[in-house]
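Here is a short report on one protein chain. Keep the sequence and the 3D view open while you read.

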Amino acid sequence: MEQTCKGGSDAPDNGGEGGNPHFFVSNEHFDFKKVEVDDPKITGAQIAESVGAHPVTDYVVMRHLKNGELQTLRPTELVHLKEGKPCWFFVIKGSEIYRFVVGELSMEWPCGTILGKHIKLLARADIDDVLVFDRPEGERIIENEEYVDLRQEGVEKLRIRKKPKLIRVIYNHDREYFLEPRIYTTQELFAKFGVANGYLLDLVNDSGLHELVPDEKVLIVEGMEFASHPPRGRSS
């Protein structure tokens, strides 16, 4: 079967126009290498051979599709390189394929583990976006340098949460803080502002000061102002 390449991973080169047909190929560490060829029609075996992967049967060749999904290529499967639209491939030694899902994307990977930052790259997400691991006990945030173990029973399910836009609030008249726009409890705001032990926290509004009580919930919006103070009747 022959496939036409229409783009792929975010490698550090956009392919440009003109020149020899070429593609990018990487190992499991995401070390991409540019390979130029004479014939725009290449097979999975030729992709493996371009990086010295011998014997080919010991390696998995995968194509990074434009939508972010990964697709395993057979040694005889043809890919047609189009001018100005380079393809991205992975050639990785291994005999097993581990499947996982990122949002609506179906992924395949021939290694038992993969870094969070590499999952983001495959899913075409921003490095600062949040990678969430959905577990039976609840969601867990995966850090960029944290490995995800794909060898567990079943298909691991992850998702990308876009990096929240931060908004500016003022604390104690002139100190700026940038917080995620959401509902905070009084205790969370104490922690964010580093309020001194024994002090109280006021929300400054048009009608004056509103003292926040424990467990009170406050929706944070742009330009809010807060101030801390010792309990009334005590000097600071």
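## Aromatic pairs

Searching the whole structure, which is a predicted model, turns up eleven aromatic pairs. One of them is F23 with F89. Their ring centres are 5.6 Å apart and the planes meet at 85 degrees, an edge-to-face arrangement. F23 sits in strand β2 (residues 22-26) and F89 in strand β8 (residues 87-93), so this pair ties together parts that are 66 residues apart in sequence. Both rings belong to buried residues: F23 has a relative accessible area of 1%, and F89 has 0%.

A further pair is F90 with W109. The centres lie 5.3 Å apart with the planes at 75 degrees, so this pair is also edge-to-face. F90 is in strand β8 and W109 in strand β10 (residues 105-109). The two are 19 residues apart, and their pairing links distant parts of the chain. F90 and W109 are both buried.

## The cluster and F30

Which residues join F90 and W109 in one aromatic cluster? They are F30 and F32. F30 is placed in the loop between β2 and β3 (33-36). F30 is buried, at 11% relative accessible area, which is under the 20% cut-off. The backbone of F30 has a phi near 65 degrees, a positive value in a residue that is not glycine. Most residues other than glycine have a negative phi.

## Arginines over rings

Two arginines lie over the faces of aromatic rings. R135 is over F133, 4.9 Å from the ring centre. R182 is over Y184, at 3.9 Å from the ring centre.

## Helix α2 and G116

G116 lies in helix α2, which covers residues 116-122. Is G116 buried or exposed? G116 counts as buried because its relative accessibility is 1%, and the cut-off is 20%. Beyond its neighbours within four places in sequence, G116 contacts L131, I142, E143, N144 and E146. G116 and V130 are 14 residues apart in sequence, and their C-alpha atoms are 9.5 Å apart.

## Helix α3 and its cover

Helix α3 spans residues 186-193, and its buried residues are T186, L189 and F193. These residues cover an arc of only 60 degrees around the axis, which puts them on the same side of α3. What packs over them? The cover includes strands β16 (167-171), β17 (175-179) and β18 (183-185). It also includes β19 (200-205), β21 (217-219) and β22. Just after the helix, G194 takes a positive phi of about 65 degrees.

## S228 and the loop at N172

S228 is in strand β22 (residues 225-229), one of the strands that cover the buried residues of α3. S228 is buried, with a relative accessible area of 17%. The side chain of S228 makes a polar contact of 2.8 Å with the side chain of Y171. Leaving out residues up to four places away in sequence, S228 touches Y171, N172, V195, Y199, L200 and L201.

N172, one of these contacts, is in the loop between β16 and β17. N172 counts as partly exposed because its relative accessibility is 21%, and buried means under 20%. Phi of N172 is near 50 degrees, another positive value in a residue other than glycine.

## A cis peptide bond

Where is the cis peptide bond between H54 and P55 placed along the chain? P55 lies in the loop between α1 (44-49) and β5 (59-64). The omega angle of the bond is about -15 degrees. Most peptide bonds are trans.

## The whole chain

The secondary structure comes to three helices and 22 strands. The protein has 236 residues, and 40% of them count as buried. Among contacts between residues at least 6 apart in sequence, 61% join residues at least 24 apart. The protein exposes about 13300 Å², with carbon and sulfur atoms supplying 48% of that area.

Technical notes:
Residues numbered from 1 in each chain as written. Predicted model: local features only at pLDDT ≥ 70, side-chain atom pairs only at ≥ 80, totals over all residues. Heavy atoms only, no water. Helix = DSSP H or I, 4+ residues; strand = E, 2+ residues; numbered from the N terminus. Buried < 20%, exposed > 50% of the residue type's maximum accessible area, 1.4 Å probe, protein only. Polar contact = N/O pair within 3.5 Å; in protein donor to acceptor, adjacent residues only side chain to side chain. Contact = heavy atoms within 4.5 Å. Phe/Tyr/Trp six-rings, centres within 6.5 Å; stacked < 30°, edge-to-face > 60°. Lys NZ or Arg CZ within 6 Å of the ring centre and 35° of its normal. Arc of directions from axis to C-beta. Areas by Shrake-Rupley, 256 points an atom, 1.4 Å probe, with all protein chains shown as cover.
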